[in-house]
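Welcome, and please have a look at the chain below. A short tour of its parts comes after it.

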Amino acid sequence: MQVSGTIVVILVILVAANVEAKIYERCDLAKKLEAAGLEGFNGYTIGDWLCMAHYESGFDTSFVNHNPDGSSEYGIFQLNSAWWCYNGVTPTENLCHMDCHELLNRHILDDIMCAKEVVSSENGMSAWDSWKQHCYGHDLSEWLKGCHMNAKPNKKVDS
């Protein structure tokens, strides 16, 4: 009977965690990113951000990827625990001064603020291999199609 109770507690915790998570729709995320000032930030467009987030997490705020080196990547932008956040497991620089689990909920302003730190570093968006492989130098106009926004998908804007 005790095993059954433990399973119920674990399921309640998992359901509660998933209630906080969100898989964003493309245009909904585009509008959030634009409202947070990412259009033109360090010369990148909303199309760049959407493309990167799609290939990193599928717009899923609860996505976690565990790496062979022991670090993990968290949230919609897959921010790495070795550099950007503290996961309580691996050594970290914690350059965003936050707990990695804060990146796993539907509230993405903290994710955006940390992603701005990443893009402000010397590598810019090249810090994300998926951006280099799938987004850099590509036509990003499809990412904003039908979203009815002010952002322009391919125009590089100076910050």
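Here follow some notes on the model, one helix, the sheet and the disulfides.

## About the model

This is a predicted model, in which local features need pLDDT of at least 70 and side-chain atom pairs count only at pLDDT 80 or more, while totals for chains, interfaces and linings use all residues. Residues are numbered from 1 along each chain as its sequence is written, and side-chain values use heavy atoms, with hydrogens and water left out.

## Helix α3

Let's begin with α3, residues 46–57. Helices here are DSSP runs of H or I with at least four residues, strands are runs of E with at least two, and both are numbered from the N terminus. The expected span of a helix is 1.5 Å times one less than its number of residues. For the 12 residues of α3 that gives 16 Å, and the end C-alpha atoms are indeed 16 Å apart.

How many residues of α3 are buried? The count is 10 of 12, where buried means under 20% relative accessible area, exposed over 50% and partly exposed in between (1.4 Å probe, protein chains only). Among them are Trp49, Leu50 and Met52, along with the charged-type names Asp48 and Glu56. The buried residues pack against α2 (26–35), β2 (72–74), α4 (109–120) and α5 (129–134), a contact being heavy atoms within 4.5 Å. At the N-terminal end, Thr45 acts as a cap, with a side-chain oxygen 3.2 Å from the backbone nitrogen of Gly47. After the helix comes Gly58, with a positive phi near 65°.

## The sheet

Three strands form an open sheet in the order β1-β2-β3, with antiparallel pairing. β1 (64–66) and β3 (79–80) are the edge strands with a single partner each, so one side of each has no neighbour in the sheet. Two strands pair if DSSP finds at least two bridges between them; β1 and β2 have three. Asn65 has Glu73 in β2 as its bridge partner.

## The disulfides

The whole structure holds four disulfides, each a pair of cysteine sulfur atoms within 2.5 Å. One of them joins Cys27 to Cys147, S to S 2.0 Å. Cys27 sits in α2 and Cys147 in the segment after α5, so the link ties together parts 120 residues apart in sequence. Its S-S torsion is about -80°, so this disulfide is left-handed.

The link of Cys85 and Cys100 is right-handed, with 95° about the S-S bond. Cys96 and Cys114 also form a right-handed link, at 90°; Cys96 lies in the loop between β3 and α4, and Cys114 in helix α4.

Terms used
A polar contact is a pair of N or O atoms within 3.5 Å; within protein, one must be able to donate a hydrogen and the other to accept it, and residues adjacent in sequence count only if both atoms are side-chain atoms.
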